[in-house]
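Colleague: I've got a few minutes before class. Can you walk me through this one?

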Amino acid sequence: MSASPSAVSDSLAGSSGTQEPFPEGPVRLGSDAHKTLFCRTLLDTFDPYKPAVIDWPKLDSQARDRLVSLPIWDIAVQTEGRARLNVAAYAAATTDPLLRKAIELNAFEEGRHKVVLANLVTAYGIALAPEPQYVVRGDPEWAFMVTGYSECIDSFFAFGLFESAKRSGFFPEALVDTFEPVIQEEARHILFFVNWAAWYRRTMPLWRRPLFELKVLAVWLFLIWERIGIARDVGNGVQDNNFTVTGAKSLGADINVAELIDICLAENKRRMSRYDQRLVRPFAIPALAGLARRCVRKPKRYA
Ligand SMILES: [Fe+2]
Ligand SMILES: [Fe+2]
C-alpha cells in the first residue's frame, strides 16, 4: 500500500463525488438503479475506524492463552492479504466510476482487516509463520470472484462462531467489541458481492452468460477443492482454510453442530437485516446450511 490508510479512507468514504442519486421505489436487478443501490450501500455504510488507535484490552493469562492457541492466525492474516490484492486487482480493471470506487473501498477494508489482525497478533504476542508473496496471476475477475464466494462461505460461519464465542465467554467482552466492526464489514462485503454478481450477469451479452455461469461453477469447485486439499495438510502443521471446523473445535467441546448452524442462520439474518430490503441476500450457503440442519438433531439438553 502506498498511501496512508486515513488518506485512502477519506477519499473513498461516502458517495460524495458520485453523480447517481440514491434510488427510490422498486429496483430491477441488473439495472443502473440496482448498481447505484449496492454501490452506495457499501460506500455510505463505511465505518471510519482506525486500526492504529484500537486500544487492545488487557486479557487475563487464561484468556490470552486461549486466544494465542487458536490455530487460525496465519491463515486469517494471509486470507486478508490475498483478499486485498484480489479485490484491488479487479477495481483497477473496472471502468465504471461508481463501481470502481465501491470495489476500491472493499479492497481498502480488506487491507485494514489485515492491519487489525497484525496489531492484535503484536498486542498478544502471537507468533506468525512468514507470509507468502501475494500475487494475482491472470484474470482479475476470477480473483475477485474467488475472494467474493470464499467470503460468502467463511463469513456465514464466522458470524455464528463469533456469536458462540461471545455467548460462551471464550472471547472476553472487550475483545468482542473490538472485533465487531470487522465482522460486520464482512457482512457488507458479501452483500455487495452477491449483488454485483446478480447485476453483472444481467448486464452482459446473452452469449457470455453461459461462460460466466461456468466460471461461477469453477470458482465453487476450486473453493471446495481448496478447503478439502488444505484440510489434508493440517496434520503436517499447515493451518486449515476451513475456519468452521478449526474454529468450532477450538471453541470447546460444548458446541453442537445443530446449535451452531442455528446460530449461524440467525446471525446471518440479523446482520443482513440492517441493509436495504431491495438488495438480494447471499443465498447458497444459508440454503445449504438450512438443508444440512434438517439432517442433524439437537441433543436432548437443547430440546
Ligand atoms: Fe476481510
Ligand atoms: Fe471482506
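Modeller: Sure. One thing before we start: this is a predicted model.

Colleague: Okay, metals. Which protein donors does the iron ion (ligand 1) have?

Modeller: Glu-80 gives two OE donors, Glu-110 gives an OE, His-113 gives ND1 and Glu-186 gives an OE. They lie 2.0 to 2.7 Å from the iron ion (ligand 1).

Colleague: How are those donors spaced along the chain?

Modeller: The pattern is E-x29-E-x2-H-x72-E. His-113 sits in helix α5 and Glu-186 in helix α7, so this pair ties together parts that are 73 residues apart in sequence.

Colleague: Is His-113 buried or exposed?

Modeller: Buried. Its relative accessibility is 1%, and anything under 20% counts as buried.

Colleague: Now the iron ion (ligand 2). What are its protein donors?

Modeller: Glu-110 (OE), Glu-151 (OE, listed twice), Glu-186 (OE) and His-189 (ND1). Their distances from the iron ion (ligand 2) run from 2.0 to 2.4 Å.

Colleague: And the spacing in sequence for the iron ion (ligand 2)?

Modeller: E-x40-E-x34-E-x2-H. Glu-151 belongs to helix α6 (residues 140-168) and Glu-186 to helix α7 (residues 173-203), so these two link parts that are 35 residues apart in sequence.

Colleague: Are Glu-151 and Glu-186 buried or exposed?

Modeller: Glu-151 is buried, with a relative accessible area of 11%. Glu-186 is buried, and its value is 11% too.

Colleague: How far apart are the iron ion (ligand 1) and the iron ion (ligand 2)?

Modeller: They lie 3.4 Å apart, and Glu-110 bridges them. Glu-110 coordinates both.

Colleague: Let's switch to helix packing. What numbers describe two packed helices?

Modeller: The angle between their axes, and the distance between the axes.

Colleague: So what are they for α2 and α5?

Modeller: The axes of α2 (residues 32-44) and α5 (residues 97-123) come within 9 Å. They cross at roughly 35°. The crossing of α2 past α5 is left-handed.

Colleague: Which residues meet there?

Modeller: From α2, you have Thr-36, Phe-38, Cys-39, Leu-42 and Leu-43. From α5, Leu-98, Leu-99, Lys-101, Ala-102, Leu-105 and Asn-106. By class, that contact of α2 with α5 has 8 nonpolar, 2 polar and 1 charged residues.

Colleague: What about α10 and α11? What is their crossing angle?

Modeller: Roughly 150°, with the axes within 10 Å. The helices are α10 (residues 257-272) and α11 (residues 284-295).

Colleague: Parallel or antiparallel?

Modeller: Roughly antiparallel, because the angle is over 145 degrees. α10 also passes α11 in a left-handed crossing.

Colleague: Which side chains are we talking about? I mean, which residues meet between α10 and α11?

Modeller: Ala-258, Ile-261, Asp-262, Leu-265 and Asn-268 come from α10. On α11 they meet Pro-286, Ala-289, Gly-290, Ala-292 and Arg-293. The contact of α10 with α11 counts 6 nonpolar, 2 polar and 2 charged residues.

Colleague: Last topic, Pro-51. Where is Pro-51 found?

Modeller: In the loop between α2 and α3 (61-69). Pro-51 counts as buried, at 8% relative accessibility.

Colleague: What is Pro-51 in contact with, beyond its sequence neighbours?

Modeller: Leaving aside neighbours within four places in sequence, Pro-51 contacts Arg-112, Val-115, Val-116 and Asn-119. Take Arg-112: it is 61 residues away from Pro-51 along the chain, yet their C-alpha atoms are separated by 7.1 Å.

Key. Residues numbered from 1 in each chain as written. Chains lettered and ligands numbered in written order. Predicted model: local features only at pLDDT ≥ 70, side-chain atom pairs only at ≥ 80, totals over all residues. Heavy atoms only, no water. Axes fitted to C-alpha atoms, helices over the stretch in contact; angles between N-to-C directions. Helix = DSSP H or I, 4+ residues; strand = E, 2+ residues; numbered from the N terminus. Parallel < 35°, antiparallel > 145°, perpendicular 65-115°, else oblique. Left-handed = near helix turned anticlockwise from the far one by under 90°. Contact = heavy atoms within 4.5 Å. Nonpolar A, V, L, I, M, F, W, Y, C, P; charged D, E, K, R; others polar. Donors = N, O, S within 2.8 Å, 3.2 Å for Na, K, Ca; no water. Buried < 20%, exposed > 50% of the residue type's maximum accessible area, 1.4 Å probe, protein only.
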